[in-house]
Amino acid sequence: MEADRERGRVLRKKRELAYEGTILKVYRDLVVANGREESWDFIHHDGAAAVVPVLPDGRILMVRQYRNALDRFTLELPAGKVDSPEEPRVLCAFRELSEETGMRAESPEALEFLLRIDTTVAFCDEEIDIFVAQNLLPGEQHLDPDEVIDVKAYELSELLARIERGEIRDAKTVAGLTAYALKQSRSNRT
């Protein structure tokens, strides 16, 4: 009877910082799961924001950038991490749009919230808020010294086909473009 009550329960007994990097912290958690003591890894990330930047003709600005973890270039929505855990993600999205694409929204309030995703639920608490930016204004690209980014506009249908073919695999980009396409589909029906 006692074993049945313990089955399905998870209790974290202890959390120790194992490593602190520039964008994340890695912890080792001691947990009791189904009555057994286990050691689980946990990665903390302060959060991030991404933007679906829509041009007046409906095309979407995308960034092609090198990703060290994959050792290749990827095609993604403009995005970045918050400067601090307290920074509103809409401000992060507003900043990253300008920095990465050279285009900007009139104000952070002009960005429309689209969705929030949990990027890697098995071992990381990173959340990314994704916004839509329209009525873009010309600005200036301000890349970080180590960023290598190219910007290009694409038709939404082409981006969705690239997702379907497995050419775009970045989770925030797949989620953001798919959610935006669903939103557009709904608004076209009304």
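A salt bridge is a side-chain nitrogen of Lys or Arg within 4 Å of a carboxyl oxygen of Asp or Glu. By that rule, the structure holds 20 salt bridges. The model is predicted.

## Exercise 1: The whole chain

Task: State how many helices and strands the chain has, and what share of its residues count as buried.

Solution.
- Step 1. Start with the elements. The chain has 4 helices and 12 strands.
- Step 2. Turn to burial. The chain has 190 residues, and 38% of them count as buried.
- Step 3. Add the dimensions. Along the principal axes, the C-alpha atoms fill a box of roughly 65 × 45 × 35 Å.

## Exercise 2: A hairpin at the start

Task: Work out how strand 1 and strand 2 pair, and what lies between them.

Solution.
- Step 1. Find the strands. Strand 1 covers residues 10-20 and strand 2 covers residues 25-33.
- Step 2. Give the direction. The two strands pair in the antiparallel sense, over 9 bridges.
- Step 3. Pick one pair. R15 has D29 in strand 2 as its bridge partner.
- Step 4. Look at the link. Strand 1 and strand 2 form a hairpin, with 4 residues between them. I23 lies in this loop.
- Step 5. Classify I23. Partly exposed covers the range between under 20% and over 50%. I23 has a relative accessible area of 46%, so I23 is partly exposed.
- Step 6. Check a distance. I23 and L11 are 12 residues apart along the chain, and their C-alpha atoms are separated by 27 Å.

## Exercise 3: Strand 5 and its two partners

Task: Find which strands are joined to strand 5 by 6 bridges and by 5 bridges.

Solution.
- Step 1. Take strand 12, residues 149-154. Strand 12 is joined to strand 5, residues 60-67, by 6 bridges, and the two run antiparallel.
- Step 2. Name a pair here. V63 has V151 in strand 12 as its bridge partner.
- Step 3. Take strand 6. Strand 6 is joined to strand 5 by 5 bridges, again antiparallel.
- Step 4. Name a pair here too. R67 stands opposite R72 in strand 6.
- Step 5. Inspect the turn. Strand 5 and strand 6 form a hairpin with 4 residues between them. In that turn, D71 has a positive phi of about 55°.

## Exercise 4: Three salt bridges

Task: For the pairs E87 and R95, R89 and E127, and D129 and R116, give the N to O distance and decide whether each residue is buried or partly exposed.

Solution.
- Step 1. Recall the principle. Side chains of opposite charge can pair when their charged atoms come close.
- Step 2. Recall the cut-off. Buried means under 20% relative accessible area.
- Step 3. Take E87 and R95. Their closest N and O atoms are 2.4 Å apart. E87 is at 15%, so E87 counts as buried. R95 is at 17%, so R95 counts as buried as well.
- Step 4. Take R89 and E127. Their side chains meet at 3.1 Å, N to O. The pair links distant parts of the chain: R89 is in helix 2 (residues 89-101) and E127 is in strand 10, 38 residues apart. R89 is buried because its relative accessibility is 16%. E127 is partly exposed, at 25%.
- Step 5. Take D129 and R116. Their side chains meet at 2.5 Å, N to O. D129 lies in strand 10 and R116 in strand 9, so the pair ties together parts that are 13 residues apart in sequence. D129 is buried, at 5%. R116 is partly exposed, at 48%.
- Step 6. Look for a network. Salt bridges that share partners join D83, E87, R95, E96 and E99 into one network.

## Exercise 5: Two surface patches

Task: Name the residues of the negative patch and of the nonpolar patch.

Solution.
- Step 1. List the negative patch. D46, E86, D118 and D125 form it.
- Step 2. Place one member. D125 sits in the loop between strand 9 (112-118) and strand 10 (127-133). D125 has 30% relative accessibility, so D125 counts as partly exposed.
- Step 3. List the nonpolar patch. Y66, F73 and V148 form it, with about 250 Å² of accessible area together.
- Step 4. Place one member here. F73 is found in strand 6, residues 72-76. F73 has a relative accessible area of 33%, so F73 is partly exposed.

Methods: Residues numbered from 1 in each chain as written. Predicted model: local features only at pLDDT ≥ 70, side-chain atom pairs only at ≥ 80, totals over all residues. Heavy atoms only, no water. Patch = residues over 30% accessible without salt bridge, like charges linked within 9 Å, V, L, I, M, F, W, Y side chains within 5 Å. Areas by Shrake-Rupley, 256 points an atom, 1.4 Å probe, with all protein chains shown as cover. Lys, Arg positive; Asp, Glu negative; His and termini not counted. Charge placed at Lys NZ, Arg CZ, Asp CG, Glu CD. Buried < 20%, exposed > 50% of the residue type's maximum accessible area, 1.4 Å probe, protein only. Pairing = 2+ DSSP bridges.
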